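Here is a friendly walk through one model, taken helix by helix and strand by strand. Have the viewer open and follow along.

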Amino acid sequence: MSKARKYTISILVENKPGVLQRVSGLFTRRNFNIDNITVGKTENPEISRITIRTTGDEQILEQITKQLNKLIEVIKVRELKPENTLKRELALIKVHTPDEKTKSEIVQYTDIFRGQIIDVTPKSMIIQITGKPSNIVALTDLLKPYGIKEIAKTGVTAITRGDKTL
């Protein structure tokens with residue numbers, strides 16, 4: 001039996017109403033969980049890329065791929081292998097900042113992670129960070145003791161390195 005792990009699946013689809021619902025509905029009907037999903041137009045405005053992160057074993061991945069390929073609007077499905085894939089995520093993090101010392105410390109952490117302060121009020125700051133999901137988790141862990149008020153994340157989006165295209 002295969003060991004469960006995280007998979008990143010890239011799906012090229014026709015950019016038409018209802019396609020995202022059909023793709024996500026397939027996961028629901030088969031009782032597969034979507035850990036994360038992002039969607040956007042590609043360089044061709046008639047085609048969108050859906051990036052899905054899911055957890056399972058190789059058999060589940062194979063089933064997902066087969067079922068997705070049966071959908072009429074699906075052009076191509078591919079697992080993005082970790083060794084040749086760049087993954088990025090965007091997070092907006094609102095942090096409690098009761099005093100200048102706290103603000104200064106948070107600015108330093110934000111700089112280390114190449115984030116940006118995009119809003120400041122007398123009692124809070126909003127940080128924008130784009131990067132590897134692990135870096136976003138690391139910054140979030142550092143900010144927790146200060147009091148995170150709110151987090152909004154885009155989810156992972158990914159693309160293969162080099163000359164390969166989906």
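## Helices, sheet and a loop proline

In this predicted model, helix α1 passes α2 in a right-handed crossing. The contact is built from Val23, Leu26 and Phe27 on the α1 side, and from Ile64, Gln67 and Leu68 on the α2 side. Sorted by class, that contact between α1 and α2 holds five nonpolar residues, one polar residue and no charged ones.

How are two packed helices described? The angle between their axes and the distance between the axes do that job. Here α1 (residues 19-29) and α2 (residues 58-70) pack at an angle of about 140 degrees, and their axes are 10 Å apart. Because angles over 145 degrees would be needed for roughly antiparallel, α1 counts as oblique to α2.

Next comes the sheet. It is open, has four strands in the order β2-β3-β1-β4, and its pairing is antiparallel. At the edges sit β2 (36-41) and β4, each of which pairs on one side only. On average, neighbouring strands of this sheet are turned by 15 degrees against each other, direction ignored. Strand β1 (residues 5-14) pairs with β4 in the antiparallel sense over five bridges. If you want a place to look, Ser10 stands opposite Arg78 in β4.

Helix α1 also packs on the sheet, where it touches β1, β2 and β3 (47-56), and its direction makes about 15 degrees with that of β3. Which residues of α1 are buried? They are Val19, Val23, Gly25, Leu26 and Phe27. The cover over these buried residues of α1 includes β1, β3 and α2. Just after the helix, Asn31 takes a positive phi of about 60 degrees.

The two packing angles of α1 can be set side by side:

| Pair | Angle between directions |
|---|---|
| α1 and α2 | about 140 degrees |
| α1 and β3 | about 15 degrees |

Finally, take a look at Pro82, which lies in the loop between β4 (74-79) and β5 (85-96). Is Pro82 buried, exposed or partly exposed? Its relative accessibility is 45%, so Pro82 counts as partly exposed. Leaving aside residues up to four places away in sequence, Pro82 touches Arg5 and Lys87. The C-alpha atoms of Pro82 and Thr8 are separated by 8.2 Å, although these residues are 74 residues apart along the chain.

Definitions and conventions:
Residues numbered from 1 in each chain as written. Predicted model: local features only at pLDDT ≥ 70, side-chain atom pairs only at ≥ 80, totals over all residues. Heavy atoms only, no water. Axes fitted to C-alpha atoms, helices over the stretch in contact; angles between N-to-C directions. Helix = DSSP H or I, 4+ residues; strand = E, 2+ residues; numbered from the N terminus. Parallel < 35°, antiparallel > 145°, perpendicular 65-115°, else oblique. Left-handed = near helix turned anticlockwise from the far one by under 90°. Contact = heavy atoms within 4.5 Å. Nonpolar A, V, L, I, M, F, W, Y, C, P; charged D, E, K, R; others polar. Buried < 20%, exposed > 50% of the residue type's maximum accessible area, 1.4 Å probe, protein only. Pairing = 2+ DSSP bridges.
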